[in-house]
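Visitor: Could you take me on a close look at one part of this fold? I'd like to hear about the sheet and whatever packs on it, with a short detour to a pair of helices if there's room.

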Amino acid sequence: MTFFNSDNERLAREVISRYPRARSAAIPLLHLAQEQEGWVTPAAMVQIAELTGSTPAEVLGTASFYEMFKFHPVGKYVVNVCTNVSCQLLGGEELLEHAEASLGVRAGGTSQDGLFTLEDVECVAACTEAPCFTVNYRYFHRATTGSFDEVVADIRAGRSPIHHGAAGDDGELPEHGTLGRVRQHIPDDRRAGVEAPEDVVGAPLWLAADRAGEG
Ligand code: FES
């Protein structure tokens, strides 16, 4: 079964070649699938299983451990509102209630226009900036109902909302599924090689390359 488009299938095979065992590439291939479709479809899991020599059940078993992989269609923008302790103390639950009213959807659902999926989430590791929410995993700190509305208004108007305080980004809000926009490229002389760990004799190739560079 073919899920990946031709470019992504080529990339998937290149990613697999970086690992001693093909099944070790499951996680990056799941990210690639989610980037292509916005969620991890059954067809994606079947093809990942074929490519990595595992079963679709094993792929699902791995993927379902991670909250960020979605197994059903989600909106173009996934909004996470943190209601864990730090955020809760500073208005996180009120922010979530406001988000539900503002987007017209209960936490866990997707707005009728398909634009927003709203999620009530546990700590997203930005407690010092509470209360906070994320959109497609880009952070918005010290949020208020007003700043939430500004972010939603920007998105609806086709503007990037990043100027409202999302940290560590380049000003653009990517679609759901895009974790990084810079593709990793590992030159051949920096690869760890494709030998299984137990078959490696001596220093790993990357260490040998480092030592050669020092000399
Ligand atoms: S409790 Fe909200 S980021 Fe930690």
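Guide: Here's a walk through the sheet, followed by the helix pair. Keep in mind that this is a predicted model.

The sheet is an open one built from 4 strands, and reading across it you get β2-β1-β3-β4. The pairing is mixed. At the edges sit β2 (116-121) and β4 (138-140), each of which pairs on one side only. Going from one strand to the next, the twist averages 25 degrees.

Now zoom in on β1 and β3. Strand β1 covers residues 77-82 and strand β3 covers residues 133-135, and the two pair in the antiparallel sense over 3 bridges. If you want a spot to click on, try Val81, which stands opposite Phe133 in β3. Helix α6 (residues 92-103) packs on this sheet, where it touches β1, β2 and β3. The direction of α6 makes about 150 degrees with that of β1.

As for the detour, head to helix α1 (residues 6-16) and helix α2 (residues 26-37). Their axes come within 10 Å and cross at roughly 165 degrees. Since angles over 145 degrees count as roughly antiparallel, that makes α1 roughly antiparallel to α2. The crossing of α1 past α2 is right-handed. On the α1 side you'll find Asn8, Leu11, Ala12 and Val15, and they meet Pro28, Leu29, Leu32 and Gln36 in α2. Sort the residues of that contact by type and you get 6 nonpolar, 2 polar and no charged.

Notes
Residues are numbered from 1 along each chain as its sequence is written. This is a predicted model: local features need pLDDT of at least 70, side-chain atom pairs count only at pLDDT 80 or more; totals for chains, interfaces and linings use all residues. Axes are lines fitted to C-alpha atoms, for helices over the stretch in contact, and angles run from 0 to 180 degrees between N-to-C directions. Angles under 35 degrees count as roughly parallel, over 145 as roughly antiparallel, 65 to 115 as roughly perpendicular and the rest as oblique. A crossing is left-handed if the near helix is turned anticlockwise from the far one by less than a right angle, and right-handed if clockwise. Two residues are in contact if their C-beta atoms, placed from the backbone, lie within 7 Å. Ala, Val, Leu, Ile, Met, Phe, Trp, Tyr, Cys and Pro count as nonpolar, Asp, Glu, Lys and Arg as charged, and the others, Gly among them, as polar. Two strands pair if DSSP finds at least two bridges between them.
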